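Dear colleague,

Please find below the structure I was asked to pass on to you. My findings are set out after it.

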Amino acid sequence: MPPHDFTPSDLSPGPLHDPRVRAVIERLHANRRRPDSGGPRRSGGRFDPAVFADYGFSILPEQGDLIYLLCRGLRARRVVDFATSVGMSTLYFAAAMRDNGGGLVIGSELVPAKIEVAKHNLDEAGLGDYADIRPGDARQSLRDLGGDVDFALIDGWPGAEGPSLAREVIEIVAPQLRVGGYVLNDNAEPDFLDFIRDPKNGFLSLTLPIKGGTELSLKVR
Ligand SMILES: C[S@@+](CC[C@H](N)C(=O)[O-])C[C@H]1O[C@@H](n2cnc3c(N)ncnc32)[C@H](O)[C@@H]1O
């Protein structure tokens, strides 16, 4: 089965059971699609993200379930979701915050129309109170997370040249992540992997066989 062809019945029971949250996640998965052009990666990062305002490019259910499970195990209360898009990853994070007894997902999204869709999705799931989606460029909006975070998703966007956004954002977020916290990366940007696998940056890292390589990293110092 192609990796993006999901129907609601393809979703395993997983660790997230709330039917109201699952209904929104299932709807987003059922409506998952990609542009004929192949998306921003195929374009070589030349397109403004607003060109893709109608596309989620969202994480897969296995990645979302992992986020939910790890956040529950950490008793996470403050997490970072880069980037938000239409809020798929935010839904898993926000459900974990609520089920941990309270907390906040700090999101970041450049395209205003996507922020509106993400907020709508969170409200529909009953999770609107658990997310602060910061508009604008994550390289500015995530500079001050207001305290240590327990978990960071680095689900970036290809650029045309220079360091990847994933690399730039992890360098901003890593000092704000607590020891014992996790980072999950979706797109295996080579310069992100160079950073997270370099022992001097304080992480232990593992490549999971999800979506062709999902990097899970633990901050140890
Ligand atoms: C792969 S999608 C995120 C998918 C999301 N995690 C989910 O599961 O639904 C990447 C998003 O990054 C946004 N983006 C691109 N450049 C950005 C920047 N500099 N700051 C914040 N968001 C950005 C894009 O608009 C896009 O929605």
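The notes that follow cover the sheet, the core, the ligand shell and the backbone.

Please bear in mind throughout that this is a predicted model.

**The sheet**

Seven strands make up an open sheet of mixed pairing, and their order across it is β3-β2-β1-β4-β5-β7-β6. The edge positions are taken by β3 (131–135) and β6 (203–208); each has a single partner strand, so one side of each is left without a neighbour in the sheet. From one strand to the next, the twist averages 15°.

At the β3 edge, the pairing with β2 (residues 104–109) is parallel and runs over five bridges. Within this pair, isoleucine 106 is placed opposite aspartate 132 of β3.

Towards the β6 edge the pairing is of the antiparallel kind. Strands β5 (residues 177–185) and β7 (residues 214–219) are antiparallel and share four bridges, while β6 and β7, also antiparallel, are joined by six bridges. Glutamate 215 of β7 has a residue opposite it in each of these pairs: asparagine 185 and threonine 207. The strands β6 and β7 form a hairpin with five residues between them, and lysine 211 in the turn has a positive phi of about 55°.

**The core and helix α3**

The largest nonpolar core holds 57 residues, of which Val80, Leu91, Ala94 and Ala152 touch the most other members. Helix α3 (residues 88–99) contributes the largest share of this core, namely eight residues. In soluble globular proteins, nonpolar side chains tend to be buried together.

Leaving aside residues up to four places away in sequence, valine 80 touches Ile106, Leu142, Leu145, Val149, Ala152, Leu153 and Val173. Ile106 in this list is the residue that stands opposite aspartate 132 in the sheet.

Helix α3 also lies across four strands, β1 (78–82), β2, β3 and β4 (149–154), and it runs at about 165° to β2.

**The ligand shell**

There are 20 residues around the ligand, and Pro49, Ser58, Ala83, Ser85 and Met88 come nearest. By character, the shell divides into eleven nonpolar, five polar and four charged residues. Both α3 and β2 supply at least two residues each to this shell.

**Backbone features**

Most residues other than glycine have a negative phi, and most peptide bonds are trans. The following places depart from that pattern.

- Phenylalanine 82 and alanine 83 are joined by a cis peptide bond, with omega about 0°. Alanine 83 is located in the loop between β1 and α3, and it is one of the residues that come nearest to the ligand.
- Phenylalanine 57 has a positive phi, near 50°, and belongs to the loop between α1 (19–30) and α2 (61–74).
- Arginine 75, likewise not a glycine, has a positive phi of about 55°. Arginine 75 is part of the loop between α2 and β1.

Are phenylalanine 57 and arginine 75 buried or exposed? Phenylalanine 57 is buried, because 21 other C-beta atoms lie within 10 Å and the cut-off for a buried residue is 20 or more. Arginine 75 counts as exposed, because it has 11 C-beta neighbours inside 10 Å and the limit for an exposed residue is 12 or fewer.

With kind regards

Notes
Residues are numbered from 1 along each chain as its sequence is written. This is a predicted model: local features need pLDDT of at least 70, side-chain atom pairs count only at pLDDT 80 or more; totals for chains, interfaces and linings use all residues. A nonpolar core is a set of buried Ala, Val, Leu, Ile, Met, Phe, Trp, Tyr and Cys residues joined through C-beta atoms within 7 Å. Two residues are in contact if their C-beta atoms, placed from the backbone, lie within 7 Å. Two strands pair if DSSP finds at least two bridges between them. Axes are lines fitted to C-alpha atoms, for helices over the stretch in contact, and angles run from 0 to 180 degrees between N-to-C directions. A residue is near a molecule or strand if its C-beta atom, placed from the backbone, lies within 6 Å of it. Ala, Val, Leu, Ile, Met, Phe, Trp, Tyr, Cys and Pro count as nonpolar, Asp, Glu, Lys and Arg as charged, and the others, Gly among them, as polar.
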